[in-house]
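Me: Could you take me on a close look at one part of this model, the lining of a pocket, and then carry on to whatever else is worth seeing? A friendly walk-through would suit me well.

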Amino acid sequence: MQNRKKTLKKALLAAFPHTIPILAGFLFLGMTYGIYMNVSGFSFWYPCLMSLTIFAGSVEFVAVNLLLGAFHPIQALAMTLMLNARHLFYGISMLDRFRGMGLKKIYLIFGMCDETFSINYTAEIPEDVDRGWFMFFVTLFNHVYWFAGATLGGIFGSFITFNTEGLDFVMTAMFVVIFLEQWLKEKRHESSVLGIVLSVLSLAAFGSDGFLIPAMLSILAVLTLLRKPLENPKGGVRA
């Protein structure tokens, strides 16, 4: 029993410093999400429970409009799959690392957001620290940060007395920032340019209310067809 406590404490202390950069970002963005939910007419219980059980930031922002709109489960399912399709590749990359983790693996899979994947995949874990518990605590810390931010935002949103008109633009701003960060990380921008062009064409063809799913499907289809040229710098498409 004493050895187990020592193992857990050592893994916790090793994991926490890796999550410090995530702390500020998740608290701020989580509070923004909680306030956004509140000014959209939802009690603080909504961001509280959604951040605890869904733990997918972009989907949680999108879910606000889904909850306010007409019931459309197929659209909600398709949008969720499209937004989180990258997690399929995260999972494949972590197959070996999760092997032999026991029941911890269930939570590790559930809580594998972008930031958690990045830490658990690249961190140099000390030899005397249990790898499974290290990854567990990284996942837990990041989950707690997001949950705390969303819950506090939902609570504080109730006390906001100034005009919050336009706050819902935060979701648009978030996706713009994500796109710009990805653009700066890319060495070649063909995929991003194709995404913009196909989205604009879908918007023109289907209108603002129905363009999202056609845009996602067309992007998926075109990038699949052009995968080899895009992966080959010499023979790839030039932007």
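Reply: Happy to. The residues lining the second largest pocket divide into three nonpolar, three polar and no charged. This is a predicted model, so please read everything here as computed from it. By name, the lining consists of Thr80, Leu81, Asn84, Ala85, His87 and Leu88. Two helices contribute to this wall: α4 (73-83) and α5 (86-93) each supply at least two residues of the lining. The space inside the second largest pocket comes to about 180 Å³.

From the pocket, let's go on to helix α8, residues 114-122, where you will find Asn120. Asn120 has a relative accessible area of 3%, and because buried means under 20%, this residue counts as buried. What does Asn120 touch? Leaving out residues up to four places away in sequence, its contacts are Met94, Arg97, Phe134, Met135, Val138 and Thr139.

The next stop is helix α9, which covers residues 131-157 and carries both Phe141 and Tyr145. The structure holds 14 aromatic pairs. In the pair of Phe141 and Tyr145, the ring centres are 6.2 Å apart and the planes meet at 20 degrees, so the two rings are stacked. A stacked pair needs planes under 30 degrees apart, which is why 20 degrees qualifies. Along the chain, these two residues are four apart in the helix, so about one helical turn separates Phe141 from Tyr145. The general background is that an α-helix has 3.6 residues a turn, so residues three or four places apart point the same way. Both partners are buried: Phe141 has a relative accessible area of 18%, and Tyr145 has one of 7%. Elsewhere among the aromatics, Phe26, Tyr33, Tyr36, Phe61 and Trp146 form one cluster.

Last, have a look at helix α11, residues 190-206. How far apart are the end C-alpha atoms of its 17 residues? They are 24 Å apart, and this agrees with the 24 Å that the helix should span at 1.5 Å a residue. The expected figure uses one less than the number of residues, which is why it is not simply 1.5 Å times 17. The buried residues of α11 are Glu190, Ser192, Gly195, Leu198 and Ser202. Just after this helix comes Gly207, where phi is positive at about 80 degrees.

How values were computed: Residues numbered from 1 in each chain as written. Predicted model: local features only at pLDDT ≥ 70, side-chain atom pairs only at ≥ 80, totals over all residues. Heavy atoms only, no water. 1 Å grid on protein atoms, 1.4 Å probe; cavity = no way out; pocket = protein on both sides within 12 Å on 5 of 7 lines; lining within 4 Å. Points joined across faces, edges and corners; volume = space filled by probe spheres on them. Nonpolar A, V, L, I, M, F, W, Y, C, P; charged D, E, K, R; others polar. Buried < 20%, exposed > 50% of the residue type's maximum accessible area, 1.4 Å probe, protein only. Contact = heavy atoms within 4.5 Å. Phe/Tyr/Trp six-rings, centres within 6.5 Å; stacked < 30°, edge-to-face > 60°.
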